[in-house]
Amino acid sequence: MMSNQPRGGHIFNIDGAGSDGRPTPRFAAYGATKRSVVHLTKSLQAELQMQDVKNVIVHNLSPGMVTTDLLMSGATTKQDKFFINVLAESAEVVAEYLVLNIRSIPANRITRPTYIHFLTGLKAYSQLFLRLAFGATRNRYMLED
C-alpha cells in the first residue's frame, strides 16, 4: 500500500532489552520479542530491496533504558538500582529525542534505513564516569542504599 503512494513512507520499529541477543532474566518473553523486532526490520528491508521498492524504508529505534513499570519492577538488587539511576531516562526525555530524529528523516529526504539509538555507548560511558567520579545521578530514580 505504501509503495503505491507517490511519497512512499517510513516504518519505525522499536527494539529493547534483549534485541542484541543478550539474555533478559525474569523477562524472557519480552527479550525474545525485542530480538525478533530486529530480525523483522532486517527482513522487511531485504524484501523491499528484492522487490526494488525504493520509496518505503524500514527503520529501527532503540530507546535504551526507560523508566517504565516493567524496568522498575525488575530492579531487585543494588546493582540493578545503580544502573537504573545511571543509565535510565524518563519516557518524556526519550520520546522527545526519538521524535525529533524520526521527523528529521523525511525532512532530510533520507532514503536508507537508519538505526536511531538514544542510549549510545558513548553516552553510557559518560554517565558511568560522571557517577563514579562525581556521584551524579545517585538515588535519581531509586534508593540504592
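These legends go with close-up views of a predicted model.

**View 1. The whole chain, a predicted model with 5 helices and 3 strands.** Helices (H or I, at least four residues) and strands (E, at least two) are DSSP runs, numbered from the N terminus. Going along the sequence, you meet them in the pattern β-α-β-α-α-α-β-α. The C-alpha trace covers about 55 × 30 × 20 Å along its principal axes. Mean pLDDT (the predictor's confidence in each residue, from 0 to 100) comes to 90 for the protein chain, and 99% of the residues score at least 70. Among the elements, helix 5 (residues 121-134) has the highest mean, 95, and helix 2 the lowest, 89. Residue numbers start from 1 along each chain as its sequence is written, and side-chain values use heavy atoms, with hydrogens and water left out. Since the model is predicted, local features need pLDDT of at least 70 and side-chain atom pairs count only at pLDDT 80 or more, while totals for chains, interfaces and linings use all residues.

**View 2. The open sheet, with 3 strands in the order 1-2-3.** The pairing is parallel; two strands pair if DSSP finds at least two bridges between them. Strand 1 and strand 3 are the edge strands, each with a single partner strand, so one side of each has no neighbour in the sheet. From one strand to the next, the twist averages 25°. Strand 1 and strand 2 (residues 56-62) share 6 bridges in the parallel sense. Look for I14, whose bridge partner in strand 2 is L61.

**View 3. Helix 1 and helix 4 against the sheet.** Helix 1 lies across strand 1, strand 2 and strand 3, and runs at about 160° to strand 2. Helix 4 also lies across strand 1, strand 2 and strand 3, at about 155° to strand 3. Contact here means heavy atoms within 4.5 Å. Axes are lines fitted to C-alpha atoms, for helices over the stretch in contact, and angles run from 0 to 180 degrees between N-to-C directions.

**View 4. The largest pocket, with about 1300 Å³ of space.** Of its 34 lining residues, G16, A17, G18, M65 and L71 are the closest to the centre. A pocket is an open set of points on a 1 Å grid over the protein atoms alone, where a 1.4 Å probe fits, with protein on both sides within 12 Å along at least five of seven lines; lining residues have an atom within 4 Å of a point. Grid points are joined across faces, edges and corners, and a volume is the space filled by probe spheres set on the points. Helix 1 (28-50), helix 2 (69-73), helix 3 (78-87) and strand 3 (115-117) each bring at least two residues to the lining, and helix 3 gives the most, with 5 residues. The lining holds 18 nonpolar, 10 polar and 6 charged residues. Ala, Val, Leu, Ile, Met, Phe, Trp, Tyr, Cys and Pro count as nonpolar, Asp, Glu, Lys and Arg as charged, and the others, Gly among them, as polar.

**View 5. The second largest pocket, with about 290 Å³ of space.** Of the 14 residues lining this pocket, R7, H10, P106, R109 and I110 are the closest to its centre. Strand 1 (9-14) and helix 4 (91-107) each supply at least two lining residues, with the largest share, 3 residues, coming from helix 4. By class, the lining splits into 6 nonpolar, 5 polar and 3 charged residues.
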